[in-house]
Each structure stands twice: as C-alpha cells, then as structure tokens.
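Work through the exercises below with the sequence and the model open. Each task is followed by a solution in steps.

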Amino acid sequence: MELLITGGSASGKSQVAEAAAAALPGPRFYIATMRPWDDECRARIEKHRRQRAGLGFATVEHYGDLRRLDLPARGTALLECMSNLTANVLFGPDRPADPFAAVTAGLERLRAQCAHLVVVTNEVFSDGVAYDRETTAYLDLLAALNGWMGRRFDTVAEVVCGIPIVQKGALP
C-alpha cells in the first residue's frame with residue numbers, strides 16, 4: 001500500500017499518517033527529513049518524537065536524495081515530510097540539474113524497498129500570496145511531486161481539522 005497524506009500546517013496530518021503506518025505490518029521506519037537548523041526546528045522534531053513514541057518506529061534521519069537511502073529491512077516506511085525533503089533537495093548544496101526527476105527517482109527507489117509507504121506532504125498552495133522566484137519554484141516543484149504521488153499511490157487523503165478526508169482508496 002502507498003498512502004499520501006496532505007493537509008495544511010498543524011492540520012493533524014502527521015497523527016493520521018502515524019496511525020495509518022502503525023496499522024500496517026512492520027518493521028516500521030520513520031524517515032525524518034527536517035534538518036535541526038534552529039530551536040524551532042528542534043522543538044518540532046522533539047514534538048514528533050513524543051507523538052510517535054510507542055508506535056514501533058525506528059527513526060532514520062535522511063535530509064536529501066532518497067536514491068542514497070538504504071532501509072535496513074523491508075517493511076512500512078513513513079516519510080515525514082515531502083515538503084522538507086523538496087526544500088532540502090531544491091535549496092541544498094547538492095542541487096540536482098532536474099530536482100523533479102531526482103526526487104521521483106528517489107521515491108521510486110524507496111517504494112521498491114518497502115512493503116508499504118506513507119508520505120506526508122503539505123498543502124501550501126491556497127494562501128493567494130505572490131512569492132519571489134525561488135519560493136514559486138519550490139511551490140511548483142512540490143505541487144508537481146504531490147500530483148505525481150497522487151496519481152500513482154493507492155490512497156490519497158487530505159486532513160482538515162484532524163479529520164482525514166479520503167480522496168482516493170481507503171485508509172488502513
């Protein structure tokens with residue numbers, strides 16, 4: 001099963017994704033993509049660690065190219081989150097010539113290593129604000145990646161106010 005969970009900031013998407021991944025057979029891997037840049041990032045990381053405590057996840061910190069990720073066993077992987085990973089690839093020191101191709105190739109490689117894959121992403125496209133060129137490029141790339149996953153994955157759900165609304169497929 002491949003499951004895409006989207007939603008706005010603090011919508012509850014992480015809790016929905018963690019519960020879905022915990023309902024799937026293990027071993028379970030939590031692929032953490034947020035770099036601990038500052039105190040705010042570290043606080044968010046710690047919040048997520050507490051939130052998933054006791055759910056049987058082994059944390060794998062991986063901030064960039066998924067083509068370089070080797071999971072220790074086949075099982076269920078939860079990628080948290082595509083938004084951070086996309087920013088890391090697009091703005092990182094090893095930016096590929098074609099970020100979309102690099103991220104999708106990495107996702108394909110990750111999919112091949114998993115029995116089940118759950119990916120969390122953000123819905124950041126409806127605020128109506130005009131952004132600079134770099135931010136617009138990021139939003140365009142994330143939108144393209146979300147569409148790519150949405151078409152390929154078995155299940156797509158949007159989380160609104162902590163409530164998952166299934167757009168395609170079914171939650172475990």
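A pocket is found on a 1 Å grid over the protein atoms alone, as an open set of points where a 1.4 Å probe fits, with protein on both sides within 12 Å along at least five of seven lines; lining residues have an atom within 4 Å of a point. Grid points are joined across faces, edges and corners, and a volume is the space filled by probe spheres set on the points. The model is predicted: local features need pLDDT of at least 70 and side-chain atom pairs count only at pLDDT 80 or more, while totals for chains, interfaces and linings use all residues. Residues are numbered from 1 along each chain as its sequence is written, and side-chain values use heavy atoms, with hydrogens and water left out.

**Exercise 1.** Describe the largest pocket and its lining.

Step 1. The volume of the largest pocket is about 570 Å³. Its lining has 32 residues, and those closest to the centre are M34, R44, H48, E80 and N84.

Step 2. Assign the lining to helices (DSSP runs of H or I, at least four residues) and strands (runs of E, at least two), numbered from the N terminus. At least two residues each come from α1, β2 (28-32), α2, β3 and α3 (82-91). Helix α2 gives the most, with seven residues.

Step 3. Sort by class: Ala, Val, Leu, Ile, Met, Phe, Trp, Tyr, Cys and Pro are nonpolar, Asp, Glu, Lys and Arg are charged, and the others, Gly among them, are polar. The lining then has eleven nonpolar, 13 polar and eight charged residues.

**Exercise 2.** Do the same for the second largest pocket.

Step 1. This pocket holds about 250 Å³ of space. It is lined by 18 residues, with G64, D65, R68, V89 and D94 nearest its centre.

Step 2. The elements giving two or more residues to this lining are α3 and α4. By class there are eight nonpolar, four polar and six charged residues.

**Exercise 3.** How many salt bridges does the structure hold, and where is the one between R49 and E61?

Step 1. Apply the cut-off: a side-chain nitrogen of Lys or Arg within 4 Å of a carboxyl oxygen of Asp or Glu. There are seven salt bridges.

Step 2. R49 and E61 pair at 3.2 Å, N to O. R49 is in helix α2 (residues 39-52) and E61 in strand β3 (residues 57-61), twelve residues apart, and the pair links distant parts of the chain.

Step 3. Classify by relative accessible area: buried is under 20%, exposed over 50%, partly exposed in between (1.4 Å probe, protein chains only). R49 is partly exposed because its value is 37%, and E61 is partly exposed at 46%.

Step 4. Compare two other pairs. D65 and R67 have their closest N and O atoms 2.7 Å apart; D65 is buried at 16%, and R67 is partly exposed at 40%. For D70 and R109 the closest N and O atoms are 2.5 Å apart. D70 lies in the loop between β3 and β4 (76-80), and R109 in helix α4 (residues 99-113), 39 residues apart.

Step 5. E2, E108 and R111 are linked in a network of salt bridges.

**Exercise 4.** Is E18 of helix α1 buried or exposed, and what does E18 touch?

Step 1. In helix α1 (residues 13-22), seven of ten residues are buried, E18 among them.

Step 2. Counting Lys and Arg as positive and Asp and Glu as negative, with His and the chain ends not counted, the nearest side chain of opposite charge to E18 is R52, 5.2 Å away, and E18 has no salt bridge.

Step 3. Leaving aside neighbours within four places in sequence, E18 is in contact (heavy atoms within 4.5 Å) with Y30, H48, Q51, R52, L55, F57 and L78.
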